[in-house]
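User: I should like to go through the terms used for this model and see how each one is justified. Please set each value against its definition.

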Amino acid sequence: MEEASTSQLDRIDTKILRALQGDGRLTNAELAVRVNVSPATCHRRTQRLFEQGYIAGVRADLAPGKVGLRTLVMVGVVLDRSTPESFAAFEAAVLRMKEVLDCNLVAGDFDYLLKIRVRDMEDFNKLHGQKLIALPGVRQARTFFVMKTVKENARLPF
């Protein structure tokens, strides 16, 4: 599927996207006031933005510490082979792991970079020993414990 470009968005669409990115809990009426259109127009445009894939979803961002997941870990993974089959097997296995928040194929020292949330270091040690090193094709995993989050889940800069 070809990705849509921002050139297909007009000024009102852009205002809607920016407003929702800032506060996804806005009602349609509140959003319509912010972007200066009627509620019917706002609803129709918002639905179109969903249908065209500009809005990927709406969800609540939970406070990790409040739900007992205080430890953030980044793991760089190197696979033993660089083949489509080994990448597919690794990716399929990672998709089944609820602890993995993000998994990105990257260029550089690693094949993949994983973002993982756990309760504590003991919890990560268990995850590492039972699941991470058992992932298909893993040759090496380098772990980085996040000491401080400076910026996370920032708005897209458009």
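Analyst: Buried means under 20% relative accessible area, exposed means over 50%, and partly exposed lies in between (1.4 Å probe, protein chains only). The model is predicted, so local features need pLDDT of at least 70 and side-chain atom pairs count only at pLDDT 80 or more, whereas totals for chains, interfaces and linings use all residues. Residues are numbered from 1 along each chain as its sequence is written, and side-chain values use heavy atoms, with hydrogens and water left out.

User: Why is Glu85 called buried or exposed?

Analyst: Glu85 has a relative accessible area of 58%, and the cut-off for exposed is over 50%, so Glu85 is exposed. Glu85 lies in helix α4, residues 84-95. Helices are DSSP runs of H or I with at least four residues, strands are runs of E with at least two, and both are numbered from the N terminus. The C-alpha atoms of Glu85 and Thr149 are separated by 35 Å, and the two residues are 64 apart along the chain.

User: What makes Arg96 buried or exposed, and what does its side chain reach?

Analyst: The relative accessibility of Arg96 is 66%, so Arg96 counts as exposed. Arg96 is placed in the loop between α4 and β2 (100-105). Its side chain reaches the backbone oxygen of Ala92 at 3.3 Å. A polar contact is a pair of N or O atoms within 3.5 Å; within protein, one must be able to donate a hydrogen and the other to accept it, and residues adjacent in sequence count only if both atoms are side-chain atoms. Arg96 and Tyr112, 16 residues apart in sequence, are 16 Å apart in space, C-alpha to C-alpha.

User: How do you know what caps the N-terminal end of α1?

Analyst: A side-chain oxygen of Asp10 lies 3.1 Å from the backbone nitrogen of Ile12, and Asp10 caps the N-terminal end of α1 in this way.

User: How do you know that the span of α1 agrees with its number of residues?

Analyst: The expected span of a helix is 1.5 Å times one less than its number of residues. For the 12 residues of α1 (residues 11-22) this gives 16 Å, and the end C-alpha atoms are 17 Å apart, which agrees.

User: Which residues of α1 are buried, and what covers them?

Analyst: They are Ile12, Asp13, Thr14, Ile16, Leu17, Ala19 and Leu20. The cover over these buried residues includes α2 and α3.

User: Why are α1 and α3 described as they are, parallel or perpendicular?

Analyst: Two packed helices are described by the angle between their axes and the distance between the axes. Axes are lines fitted to C-alpha atoms, for helices over the stretch in contact, and angles run from 0 to 180 degrees between N-to-C directions. Angles under 35 degrees count as roughly parallel, over 145 as roughly antiparallel, 65 to 115 as roughly perpendicular and the rest as oblique. The axes of α1 and α3 are 10 Å apart at an angle of about 80°, and the two helices are therefore roughly perpendicular to each other.

User: What makes up the contact of α1 with α3?

Analyst: Contact means heavy atoms within 4.5 Å. Ile12, Asp13, Ile16, Leu17 and Leu20 in α1 meet Cys42, Arg45, Thr46, Arg48 and Leu49 in α3. By class, these residues are 6 nonpolar, 1 polar and 3 charged. Ala, Val, Leu, Ile, Met, Phe, Trp, Tyr, Cys and Pro count as nonpolar, Asp, Glu, Lys and Arg as charged, and the others, Gly among them, as polar.

User: Why is Arg45 called buried or exposed?

Analyst: Its relative accessible area is 17%, so Arg45 is buried. Arg45 has its place in helix α3. Leaving out residues up to four places away in sequence, Arg45 touches Asp10, Ile12, Asp13 and Ile16.

User: How do you know the relation of α2 to α3, parallel or perpendicular?

Analyst: The axes of α2 (residues 28-35) and α3 (residues 39-51) come within 8 Å and cross at roughly 100°. Helices α2 and α3 are therefore roughly perpendicular to each other. Asn28, Leu31 and Ala32 in α2 meet Pro39, Cys42, His43 and Thr46 in α3. This contact has 4 nonpolar, 3 polar and no charged residues.

User: Where do Asn36 and Val37 lie, and what makes each buried or exposed?

Analyst: Asn36 lies in the loop between α2 and α3, and Val37 is found in that loop too. Asn36 counts as exposed at 68% relative accessibility, whereas Val37 is buried, with a relative accessible area of 17%. Val37 touches Ile12, Ala32 and Cys42, not counting residues up to four places away in sequence. Phi of Asn36 is near 65°, a positive value in a residue other than glycine.
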